[in-house]
Amino acid sequence: MDTIPINSFLSLDDAQCDERIIAAKKALGTRLVILGHHYQREEVFKHADYTGDSLKLSRQAAQSGAEYIVFCGVHFMAEVADILSGFQQTAILPDLAAGCSMADMANLKNVEQAWHDLSVIRKADEYITPITYINSAADLKAFCGHHGGIVCTSSNAERVLKWAFSQREKVLFFPDQHLGRNTGARMGIPLEQMVVWDFDKPQGGLTQVQIQAAKIILWDGFCSVHQQFQPEHIEQYRTTYPEGKVISHPECPYEVCQKSDEIGSTETIIKTVKASPPGTRWLVGTEVNLVNRLAQESLLEDKFVHYMAPVVCMCSTMYRIDPHHLLWVLENLVEGKIVNQIKVLPKIAAPARLALERMLEVSSP
Ligand code: CIZ
Ligand code: SF4
């Protein structure tokens with residue numbers, strides 16, 4: 001059965017898309033759930049049944065009984081929805097080009113190479129717990145499942161690291177060096193005990209002595225959006241607004257987090273700003289769509305939210321999910337046709353689920 005092609009949707013304006021998205025949602029009823037990540041643009045975000053960070057949304061996916069889970073987010077999130085949802089449920093990503101450049105900085109081949117190199121003196125499985133940030137491909141989550149490891153998000157990284165150290169003496173943390181370093185620093189681990197593994201160099205460019213002395217071996221990956229926030233942005237803001245507060249995402253560089261009053265995941269950023277008293281001013285270091293939405297909502301409560309960088313740092317892959325693609329997948333579903341299904345192979349999904357379930361257990365409220 002032929003699917004309806006995307007081309008027939010591209011010339012629609014936002015109002016036409018809105019009207020037809022609402023109609024398709026109504027037609028699908030409880031068979032459909034739309035999940036929307038905080039970094040989604042408003043035109044898409046407003047159609048989500050549930051919004052949140054990847055941890056909250058992955059729990060939602062696991063609990064949902066809906067036949068179709070349409071994930072307005074990026075590829076690894078739809079993979080997690082597929083892994084955690086039931087056999088009869090279908091995860092859909094409206095645009096398959098919505099990836100994550102950070103997730104692409106680690107792949108199974110170079111992580112396996114690192115594991116091999118770290119096993120020169122002693123088997124890595126005996127002394128290192130692998131942790132993958134949820135921003136990673138499913139086969140890396142499976143790698144962690146196979147090797148006694150675990151997944152983390154920016155909401156639970158500290159609890160996950162504590163668990164990891166209760167298992168083995170060291171951690172290999174991929175792909176985001178900043179989340180690993182910022183969380184380690186908050187736990188009191190000295191910077192010199194957190195080394196960076198350069199996956200382009202033999203043995204990560206480290207000596208045996210450096211590896212022996214390290215508590216956390218950080219992958220050389222980063223988020224190109226959060227990497228743009230700089231300590232100078234905070235200094236300038238503090239000069240203009242000495243009473244203002246600063247909150248940054250842990251994917252930001254270490255120096256930015258050190259200069260911030262608070263560090264937190266997207267959920268924490270939103271909760272913290274919402275809980276602050278009227279009159280509070282915030283500088284926020286995370287993706288622009290979240291910050292703009294938060295700024296608008298906060299104004300109603302007499303709070304002022306500023307964006308950290310002078311230029312707009314938008315996640316261009318999150319932005320790929322537009323109303324046209326959302327409408328396209330929904331109208332196909334109404335016709336009984338599935339487009340853009342994300343399906344993780346069972347041999348990868350099973351060990352990946354193990355690593356995800358360890359995370360859900362460690363971070364359960
Ligand atoms: O975990 C997520 O959803 C991401 C990518 C960021 C955050 O802090 O929520
Ligand atoms: Fe990936 Fe950065 Fe976009 Fe998050 S903001 S999805 S880490 S590229």
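Glutamine 203 sits in the loop that runs between β8 (194-197) and α10 (208-213). In this predicted model, that residue has a positive phi of about 50°, even though glutamine 203 is not a glycine. Asparagine 340 turns up with a positive phi too, about 60°, and again the residue is not a glycine. Its place is the loop between α15 (323-334) and α16 (346-362). With a relative accessible area of 15%, asparagine 340 counts as buried, because the cut-off for buried is under 20%.

Another loop has a backbone detail of its own. Between β7 (170-174) and α9 (177-186) lies proline 175. The peptide bond leading into proline 175 from phenylalanine 174 is cis, and its omega is near -5°.

Zooming out, the protein is built from 16 helices and 13 strands. Its C-alpha atoms fill a box of roughly 60 × 55 × 35 Å along the principal axes. How does that fit with the chain's 365 residues? A compact globule with that many residues would have a radius of gyration near 21 Å, and the protein comes out at 21 Å, so the two agree. As for what is tucked away, 58% of the 365 residues count as buried. Contacts tell a story about sequence distance as well: take those between residues at least 6 apart in sequence, and 69% of them join residues at least 24 apart.

On the outside, the protein exposes about 15,400 Å², and 52% of that comes from carbon and sulfur atoms. Then there are the charges, 34 positive and 43 negative, whose mean positions are 5 Å apart.

That leaves the cysteines. A disulfide is a covalent bond between the sulfur atoms of two cysteines. How many disulfides does the protein have? The count comes to 0. Cysteine 252 shows why a bond is missing there: the closest cysteine sulfur belongs to cysteine 257 and is 5.3 Å away, which is too far for a bond. A disulfide would need the two sulfur atoms within 2.5 Å. Looked at from the other end, cysteine 257 is in no disulfide either, and its nearest cysteine sulfur is that of cysteine 252. Are these two residues buried or exposed? Cysteine 252 is buried, at a relative accessible area of 0%, and cysteine 257 counts as buried at 2%.

How values were computed
Residues are numbered from 1 along each chain as its sequence is written. Chains are lettered from A and ligands numbered from 1 in the order in which they are written. This is a predicted model: local features need pLDDT of at least 70, side-chain atom pairs count only at pLDDT 80 or more; totals for chains, interfaces and linings use all residues. Side-chain values use heavy atoms; hydrogens and water are left out. Helices (H or I, at least four residues) and strands (E, at least two) are DSSP runs, numbered from the N terminus. The radius of gyration is taken over C-alpha atoms; the globule rule is 2.2 Å times the number of residues to the power 0.38. Buried means under 20% relative accessible area, exposed over 50%, partly exposed in between (1.4 Å probe, protein chains only). Contact means heavy atoms within 4.5 Å. Accessible areas come from the Shrake-Rupley method with a 1.4 Å probe; for residues, only the protein chains shown count as cover. Lys and Arg count as positive and Asp and Glu as negative; His and the chain ends are not counted. The place of a charge is taken as NZ of Lys, CZ of Arg, CG of Asp or CD of Glu.
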